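Me: Hello! I am new to reading protein models, and I would like to learn how to go through one feature at a time. Could you guide me?

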Amino acid sequence: MKQNILEVRNLIKHYGPCIGGYTAVNDISFYLREGEVVGFLGPNGAGKTTTIQILLGITLATSGSIQYFGKDFYQNKQHILQRINYASAFNTLQGRLNVMENLLVFAGLYKVKNPRNKIMNLIEYFHSEELLSKIYWNLSAGQKTRVNIIKSLLNDPELILMDEPTASLDPDVADRTLSLIEDLKRKQNISLLYTSHNMDEVARICDRVIFLDKGNIVAEDTPLNLTKRIGQAVLRLSFDGSKENMVKYLDSHNQKYKFINNFIVSIVTEEKMIPKLIFGISKTDLYITDIEVQKPTLKDFFLQIAKGGTKHVNA
Amino acid sequence: MHRIIAMLYQEYFITKRSLEVIVDVVFFPLVNIVVFGFLSLYVAGSRSTHAYPLLVGMILWQLVYITQYSISVGSLWNIWSRNLSNIFLTPISITEYIFSFVISGSLKALIILVTSTLLSLYVFHFNVLHLGILNLFLFFLNLILFAISTGIIILGLIFRYGTKIQALAWSVTFLFQPLTAAFFPVSVLPSAIRWLAYLFPATYVFEAARAALISPAVRWDLFFIAFTQNIIYLPIALLVFVKLFNRSKDTGQFARNES
C-alpha cells in the first residue's frame, strides 16, 4: 500500500471571536497518497483556498494537525517545504525580473545544485527557451503559468499544491497545461493537490475528489463514483408520433419531462430506468428516431452541492 | 547562506531594473547632500567650519534612511508582484529573510557613505574622515542598528495591516529627523520633548558627530548609551515583528496582502 504523503486531521480555521466569528474550515480530515492526484473542489467560500494556505503555512490553523511524509508540518517546516512546492494562477513571480533571474532566485532559495543546468533542463522540457530572457511582467497569462509550473518543479518536489493553475487561461493553453501536468504525473510520480472550478479538467486528471462546502468535507470519492451518486440522467428522445401519446405514456410512468418541440422530449430519470423507458416507448405507436443520453457529470454534482443539496448526493 | 544570497540576488536584480529604487537610494540622498552642503556654506558665510554640522547630519541621516527603506520596501516589491507567498513557501526562515534585507540595506548605506564622502570632499572641501575612522565606524554601526529596528517594525506593520499603510515604509524615518536632532543640537528642541529625543540612539550619534567636528576624540559616553539602547531595541523590534507576522498569518492578512 502506498504511504500517505499528506495527512490532515481535524483541521479548523476560525476567524474572529469565538462567538460570532466565522469558521472557514470546519474540522476536516483527509489524506493524499504517494503519486495520487486529488482534486479539492467546492463553491466560492467553501474553504479550499484557506485550507491550501494553511497547508502551506502562510495562514495559521486554529487547531488540528498536518503531517507531510509522516512528520508534523509545524515542527519540520523547513524540511517539508524543501520537499513540496506550489503553483497558482493567483501568485506570480517578481515582475521586474526576467524569467531566468526569477528562476535563479528560487533555485537559490531551494538550494538547487547546478541551478543553471536544472533550469535549462526544465525549460527544455517545457519548450520554453524563448522565455528565458523575457521580463516576467511582459509574459502572457499562459506563459506565466508555464513559468510558475517550472518554478514549482525546481526542487524536484514530491508533492505540488496547485491552486487553479489554469484559471484565466485560453482553452487551448489550459489544455496544454493539463497535458503537462498529466505528463508530470505519469513520468515523475508526483502527488498533486489540485483546486479548480473547471469540473472537466478535474475529472480528467484527478484520481480522487474531495468536495468542500461551507468549510466541511461533504463528499470524497473518485470522479466516476461521485457522478454516480447523482443517480439521475437526462434522456433526450426524438420521435415520430403524437405528442399527446408521449405525454400520456410519461405521465403514466411518473416521469419528469420537458418538450423541446413537438417531436423532441427531454426526460430526467434514474439512469437504470433508461433502457426500460426506451423499450416501453418503442412498444407504443411512437417511433423513436434518435436517442441521446446525458449522463451526470462532476459539474452536476458540483451544482447540487452549490445549491445546498448535499443530502441528495451523499452516499 | 544560500537562501540569503538568493534574496540578495533578487534585491540586486530589482535595484538594477527599477529606476524608482535607484532614485530613492542614490539620487535623492546625493541631491540632499549637495543641497545641504550649499545651504550650509551659505548659512555659515565666511566661517566655513560652522557649515559642517548640517552636512555631516545629512550624510549620517542618509544611513538611517537607506537602511530602513531597504528593509521595509524590499518586501513591498514582492507584495506588489504577488511573489511574497512564493518566497515564504520555500524553506527560507524569517531570520534569513530579514537578515538578507539587513545586509542589502547596510551595503547600500555603505556605498552611499563612501560616495557622499567623496562628494563632500571634492565639492565642499570637507573630508568626512577627519571625524576619525573609529568614530565613523561607531556612527555607522549605531545608525544602522537603529534603522534595522525601525525597518523591522514597519515591515511587521505592513505584513499585519497590508499595503494600505505602505506609505510608512518611506515616510516614518522623516518623523525621526527632528526628534533625533539630526541637524541641530538637542538643546534646540523644546524642553517638553527633549526627553523624547534621548529615547533614540540616533540622537546620541548626531551629538557625538557634532562633537567630533570640534575634536575627533571618541565620545564613549554617548556611544555607550546609543549602543545600549540599540541592543535593547533590536530584540524588542524582532519580538514585535514576530508577533505582527504571526498575527498576520492568524488573521489571514498575510495571504490577503497579495489579493
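Reply: Gladly! Helices here are DSSP runs of at least four residues, numbered from the N terminus. With that in hand, B:Tyr69 can be placed in helix H3 of chain B. Please keep in mind that this is a predicted model.

Me: Is B:Tyr69 buried or exposed?

Reply: The general idea is to count neighbours: a residue is buried if 20 or more other C-beta atoms lie within 10 Å of its own. B:Tyr69 has 26 other C-beta atoms within 10 Å, so it is buried.

Me: Which residues is B:Tyr69 in contact with, leaving aside its neighbours within four places in sequence?

Reply: Those are B:Asp24, B:Val25, B:Ala169 and B:Trp170. You can also compare sequence with space: B:Tyr69 and B:Thr150 are 81 residues apart in sequence, yet their C-alpha atoms are 9.6 Å apart.

Me: Now the helix itself. What span should the 29 residues of helix H3 of chain B have?

Reply: A helix rises by a set amount per residue, and the expected span is 1.5 Å times one less than its number of residues. For H3(B), residues 52-80, that gives 42 Å, and the end C-alpha atoms are 40 Å apart, which agrees.

Me: Where does H3(B) bend?

Reply: The bend is at B:Ser70 and amounts to about 30°. Just after the helix, B:Arg82 takes a positive phi of about 55°.

Me: How many of the 29 residues of H3(B) are buried?

Reply: The number is 25, so the helix is largely enclosed by the rest of the structure. There is a general point to remember when you look at a helix: an α-helix has 3.6 residues a turn, so residues three or four places apart point the same way.

Me: Which residues have the most contacts inside the largest nonpolar core?

Reply: That core has 143 residues, and those with the most contacts inside it include B:Leu60, B:Leu63, B:Val205 and A:Ile160. Try B:Val205 as an example: not counting residues up to four places away in sequence, it touches B:Leu60, B:Phe139, B:Asn142, B:Leu143 and B:Ala226. A second, separate core has seven residues, among them A:Leu235 and A:Phe239.

Me: How do I read a sheet? What is the order of the strands in the open sheet of chain A?

Reply: Follow which strand pairs with which. The four strands have the order E2-E1-E4-E5, with antiparallel pairing. E2 and E5 (71-72) stand at the edges with a single partner strand each, so one side of each is left without a neighbour in the sheet.

Me: How many bridges join E1(A) to strand E2 of chain A?

Reply: Nine bridges join E1, residues 4-15, to E2, residues 22-33. Across this pair, A:Glu7 stands opposite A:Tyr31, and A:Val8 stands opposite A:Phe30. In their hairpin, with six residues between the strands, A:Gly16 takes a positive phi near 85°. Five bridges join E1(A) to E4(A), residues 63-68, where A:Leu6 stands opposite A:Tyr68.

Me: Last one: how many residues of chain A are in contact with chain B?

Reply: There are 25 residues of chain A in contact with 31 residues of chain B. On the chain A side, the largest share, six residues, comes from H3(A). By class, that side has 13 nonpolar, nine polar and three charged residues.

Key: Residues are numbered from 1 along each chain as its sequence is written. Chains are lettered from A and ligands numbered from 1 in the order in which they are written. This is a predicted model: local features need pLDDT of at least 70, side-chain atom pairs count only at pLDDT 80 or more; totals for chains, interfaces and linings use all residues. Two residues are in contact if their C-beta atoms, placed from the backbone, lie within 7 Å. Helices (H or I, at least four residues) and strands (E, at least two) are DSSP runs, numbered from the N terminus. Ala, Val, Leu, Ile, Met, Phe, Trp, Tyr, Cys and Pro count as nonpolar, Asp, Glu, Lys and Arg as charged, and the others, Gly among them, as polar. The bend at a residue is the angle between axes fitted to the seven residues ending there and the seven starting there. A residue is buried if 20 or more other C-beta atoms lie within 10 Å of its own, exposed if 12 or fewer, and partly exposed in between; C-beta atoms are placed from the backbone. A nonpolar core is a set of buried Ala, Val, Leu, Ile, Met, Phe, Trp, Tyr and Cys residues joined through C-beta atoms within 7 Å. Two strands pair if DSSP finds at least two bridges between them.
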